Amino acid sequence: MSSGATTAAIIGWREWVALPTLGVHAIKAKIDTGARSSALHAFAVERFEQAGRSMVRFQAHPIQRNDDYVVTAEAALLDEREVRNSGGQAELRPVVETLVQVGGVVWAIELTLTNRDEMGFRLLLGRQAVRRRYLVDPGRSYLQPLPDPLSK
């Protein structure tokens, strides 16, 4: 019986990715198959209505240990979900859909917004984001090329 997994691309436990629709050209992501959902470090989160749609505006520091570089983004609010953080505490988080780019591949993912200021990575890609796309090699890092804007 074949699972088809042998044809999947391999990524390391951390990779450079881009979130092009949010204006994030490069961010180090931790690939965490133990986490169901993906999470982006966000602050100054505000909800608003635009043309009858629920929206969210937020700011992010995509570069670790650099609070001077700030990206401000807006996205449609898909949902608000209760998510357990790494400490086991339940937190109600806004959920948006955005594009993610790993190497030359771009696809849509759901992303929760939360304060990850104390975490080692500003972006966590959970198993739902990478399933059926990649196999994760937990002993290696940065196996995919930099996202296109950085590689030029």
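A charge counts as sitting over a ring if NZ of Lys or CZ of Arg is within 6 Å of the ring centre and within 35 degrees of the ring normal. In this predicted model, that description fits Arg57, whose charged end sits over the ring of Phe48, 4.1 Å from the ring centre.

Arg57 has charged company too. Its side chain forms a salt bridge with Glu74, with 2.8 Å between the closest N and O atoms. Glu74 belongs to strand 7 and Arg57 to strand 6 (residues 53–60), so this salt bridge ties together parts 17 residues apart in sequence. Both ends are partly exposed, Glu74 with a relative accessible area of 37% and Arg57 with 25%. Add Glu46, and there is a network of salt bridges linking Glu46, Arg57 and Glu74.

The structure holds seven salt bridges. One of them pairs Asp67 with Arg122, at 3.7 Å from N to O. Asp67 sits in the loop between strand 6 and strand 7, and Arg122 in the loop between strand 9 and strand 10, so here the parts tied together are 55 residues apart in sequence. The two ends differ in their surroundings: Asp67 is partly exposed at 45% relative accessibility, whereas Arg122 is buried at 5%. Arg81 and Asp79 form another salt bridge, their closest N and O atoms being 3.0 Å apart; Arg81 is partly exposed at 28%, and so is Asp79 at 32%.

On the aromatic side, the count comes to two pairs. Trp13 and Phe121 have ring centres 5.7 Å apart and planes at 80 degrees; since planes over 60 degrees apart count as edge-to-face, that is the label for this pair. Trp13 is in the loop between strand 1 (9–12) and strand 2 (14–19), while Phe121 is in the loop between strand 9 (105–114) and strand 10 (123–126), so the contact ties together parts 108 residues apart in sequence. Trp13 is partly exposed at 29% relative accessibility, but Phe121 is buried at 12%. Trp107 and Tyr134 make a tilted pair, 5.7 Å centre to centre with 45 degrees between the planes. Trp107 comes from strand 9 and Tyr134 from strand 11 (residues 134–137), 27 residues apart. Trp107 is buried at 5%, as is Tyr134 at 9%.

Then there is the largest pocket, with about 400 Å³ of space. Its lining takes in 23 residues, with Asn85, Ser86, Arg93, Arg116 and Met119 nearest the centre. Strand 3 (24–32), strand 4 (38–41), strand 7 (71–84) and strand 8 (90–102) each give two or more residues to that lining. By type, the lining residues are nine charged, eight polar and six nonpolar.

Note on methods:
Residues are numbered from 1 along each chain as its sequence is written. This is a predicted model: local features need pLDDT of at least 70, side-chain atom pairs count only at pLDDT 80 or more; totals for chains, interfaces and linings use all residues. Side-chain values use heavy atoms; hydrogens and water are left out. Rings of Phe, Tyr and Trp (its six-membered ring) pair if their centres lie within 6.5 Å; planes under 30 degrees apart count as stacked, over 60 as edge-to-face and the rest as tilted. Helices (H or I, at least four residues) and strands (E, at least two) are DSSP runs, numbered from the N terminus. Buried means under 20% relative accessible area, exposed over 50%, partly exposed in between (1.4 Å probe, protein chains only). On a 1 Å grid over the protein atoms alone, a cavity is a set of points where a 1.4 Å probe fits but cannot get out, and a pocket is an open set with protein on both sides within 12 Å along at least five of seven lines; lining residues have an atom within 4 Å of a point. Grid points are joined across faces, edges and corners, and a volume is the space filled by probe spheres set on the points. Ala, Val, Leu, Ile, Met, Phe, Trp, Tyr, Cys and Pro count as nonpolar, Asp, Glu, Lys and Arg as charged, and the others, Gly among them, as polar. A salt bridge is a side-chain nitrogen of Lys or Arg within 4 Å of a carboxyl oxygen of Asp or Glu.
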